[in-house]
Amino acid sequence: MGIYLNGSSAYTLYKSETMKPYFVDKTRMIAELIPLVEQGGNCICVTRPRRFGKTMAADMIASYFSRGMDSADIFDSLWIGGEPKYKAHRNQHHVIQISFNKIPRRCKTYEQYISRIEDQLLEDLQNAYPEAMIREDDAVWDALLKVYSFDHTARFIFVLDEWDFIFHRSFATPQDQSDYIDFLSNLLKNQPYVEFAYMTGILPIAKYSSGSELNMFLEYTMATEEKYCEYFGFTDSEVDVIFEKYQRQTEFPRVTREGLQVWYDGYHIRSGERVYNPRSVVASLSNNNLGSYWTSSGPYDEIFYYIKHNVADVRDDLALMVSGIPVPAKIQEYAATYMNLTTKDEIFSAMVVYGFLSYEKGCVSIPNKELMDKFDEMLRKEPSLGYVNRLAKESERMLAATKAGDTETMLQILAYAHDTEIPLLSYSNETDLTAVVNLVYLAARDYYRIKREDKAGIGYVDFIFYPDDYQADCIILELKVDHAAQEAINQIKDRRYALKFQGKIGEERRYTGRILAVGIAYDKASKKHSCMVEELSQNV
């Protein structure tokens with residue numbers, strides 16, 4: 001048993017995960033990997049955004065296959081324990097597990113980084129196979145070949161986590177990165193000792209090598225491949241199960257099932273199924289609180305990093321996405337490897353790879369409230385975003401004016417939006433008007449859950465604002481182009497949209513504040529807006 005070879009770390013870490021209250025069993029993945037192990041020589045790479053369970057899956061795979069520890073106490077009770085080939089492969093393989101995100105103390109060069117990995121692996125092999133005559137100056141692949149030559153049954157499963165870590169380190173030069181690709185190629189490509197290689201990371205590997213260095217890998221990404229997608233992220237049914245558990249064991253549950261969907265759902269996989277950010281769901285249930293767990297306390301700068309090289313090209317599309325409107329994009333996941341993201345497609349590609357945007361049917365969008373809040377913060381604080389920033393700053397005033405029925409101030413803000421000659425807008429339809437309304441009500445998201453095209457009464461309302469504080473004002477907002485604001489108010493009344501706040505028959509009314517009907521209209525001929533705010537009766 002060594003640090004990398006048949007180590008005990010994966011067993012310890014994965015066992016601790018299985019004992020946590022909101023553990024989700026993903027061991028079906030092992031059943032899909034067993035045939036690849038039996039065939040021998042297969043190499044796969046699974047890339048996902050951070051916090052989507054890549055490392056836990058790597059620990060699961062290593063602890064199941066490795067001879068380092070008897071893991072029956074973990075897997076006997078999990079799904080894989082009922083499979084016919086379960087015992088034939090459990091703890092029956094030599095596993096080399098390397099987490100590439102570990103660096104030596106005071107590491108300042110690539111040589112220090114890679115030497116730590118090579119030295120430790122050589123030490124493990126020397127201890128396990130003293131008869132193989134491994135020398136300290138052997139390359140690790142030569143040492144492994146010596147082991148295989150000494151014992152032809154000595155084949156290894158490689159579990160390599162965070163393979164792309166080195167590409168994020170300032171000390172790694174382009175030549176270092178090239179040398180690293182050669183290291184992986186020499187270690188794994190066409191080597192008889194490779195029984196199976198499983199590799200994870202954020203960045204896809206396809207475009208890193210100039211030739212065929214890593215073409216032995218089959219890649220599985222969230223956007224381009226369906227296989228293995230269900231094992232990274234939580235599906236609806238999995239969230240249902242752990243939410244029921246949360247309700248049973250939490251004395252005063254404050255998180256709702258709908259809240260989990262709004263905050264953490266919205267990522268699309270190749271099959272079309274939507275998945276939740278698993279870390280955020282677990283953190284929310286554990287803390288009994290809906291909130292942002294995407295970054296510990298990171299500011300919007302993390303998002304702005306990707307757009308800062310070409311703000312002008314993405315500004316309008318950001319405004320549309322914040323408005324809930326998907327934007328067409330050509331996603332090339334390898335674009336995220338570029339240090340200098342300049343084109344719009346490169347920027348959006350990087351944001352998809354890192355999980356800040358979701359990609360489906362040729363369009364990118366902001367997946368959920370957790371990420372939307374980060375974008376909101378950026379829009380309100382970053383001056384380089386120009387008109388988008390200026391309109392977002394007006395949003396506090398717009399909300400206050402709406403609640404006060406101050407249509408004069410509302411019209412001033414809307415006129416300002418129009419008079420800035422926003423390139424995004426032609427004002428030819430309600431979609432354009434929708435985008436502006438989202439910007440000028442951006443601050444409302446701090447106090448409301450805002451839904452577009454929501455089913456209400458006997459139709460669908462353009463916007464409905466559900467207050468976080470049930471005693472606060474409720475807002476129903478309808479838009480009109482080339483119609484009067486009064487027609488919007490009439491539609492709200494006639495179609496009884498306010499029923500949405502009444503609750504079901506026999507239930508106590510949840511929302512007790514005022515219900516405000518808001519009509520906003522734009523006349524293309526006069527290029528003028530009109531607004532109306534009317535308080536509706538509590539009894540619809």
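Helices of at least four residues and strands of at least two are taken as DSSP runs and numbered from the N terminus. On this basis, N190 falls in the loop that connects helix 8 (174–188) with strand 4 (194–201). The structure is a predicted model.

**Overall architecture**

The protein chain contains 20 helices and 15 strands. Of its 540 residues, 55% count as buried. Among the contacts in the protein chain with a separation of 6 or more, 70% are made by residues 24 or more positions apart. The global values of the chain are collected below.

| Property of the protein chain | Value |
|---|---|
| Span of the C-alpha trace along its principal axes | about 90 × 50 × 35 Å |
| Accessible surface | about 23,800 Å² |
| Distance between the mean positions of the positive and negative charges | 3 Å |

Carbon and sulfur atoms hold 47% of the accessible surface. The charges number 61 positive and 78 negative.

**The loop residue N190**

N190 counts as exposed because its relative accessibility is 72%, and the cut-off for that class is over 50%. A span of 71 Å separates the C-alpha atom of N190 from that of K493, and the two residues lie 303 residues apart along the chain.

**Strands 1 and 5**

Strand 5 (residues 217–221) is mostly covered, with four of its five residues buried. Strand 5 runs parallel to strand 1 (residues 42–47), and five bridges join the two. Within this pairing, T221 of strand 5 stands opposite T47.

**The five-stranded open sheet**

Strands of a sheet pair through backbone hydrogen bonds, in either a parallel or an antiparallel sense. In this model, an open sheet is formed by five strands in the order 11-12-13-14-15, with mixed pairing. Strand 11 (448–456) and strand 15 (528–536) are the edge strands, each pairing on one side only. From one strand to the next, the twist averages 25 degrees.

At one edge of the sheet, strand 11 pairs with strand 12 (residues 459–467) in the antiparallel sense, over eight bridges. Y460 in strand 12 is the bridge partner of K455.

Helix 17 (residues 395–404) lies across four strands of this sheet: strand 11, strand 13 (474–481), strand 14 (515–523) and strand 15. Relative to strand 14, helix 17 runs at about 115 degrees. The strands crossed by helix 17 thus include both edge strands, 11 and 15.

Methods
Residues are numbered from 1 along each chain as its sequence is written. This is a predicted model: local features need pLDDT of at least 70, side-chain atom pairs count only at pLDDT 80 or more; totals for chains, interfaces and linings use all residues. Side-chain values use heavy atoms; hydrogens and water are left out. Two strands pair if DSSP finds at least two bridges between them. Axes are lines fitted to C-alpha atoms, for helices over the stretch in contact, and angles run from 0 to 180 degrees between N-to-C directions. Contact means heavy atoms within 4.5 Å. Buried means under 20% relative accessible area, exposed over 50%, partly exposed in between (1.4 Å probe, protein chains only). Accessible areas come from the Shrake-Rupley method with a 1.4 Å probe; for residues, only the protein chains shown count as cover. Lys and Arg count as positive and Asp and Glu as negative; His and the chain ends are not counted. The place of a charge is taken as NZ of Lys, CZ of Arg, CG of Asp or CD of Glu.
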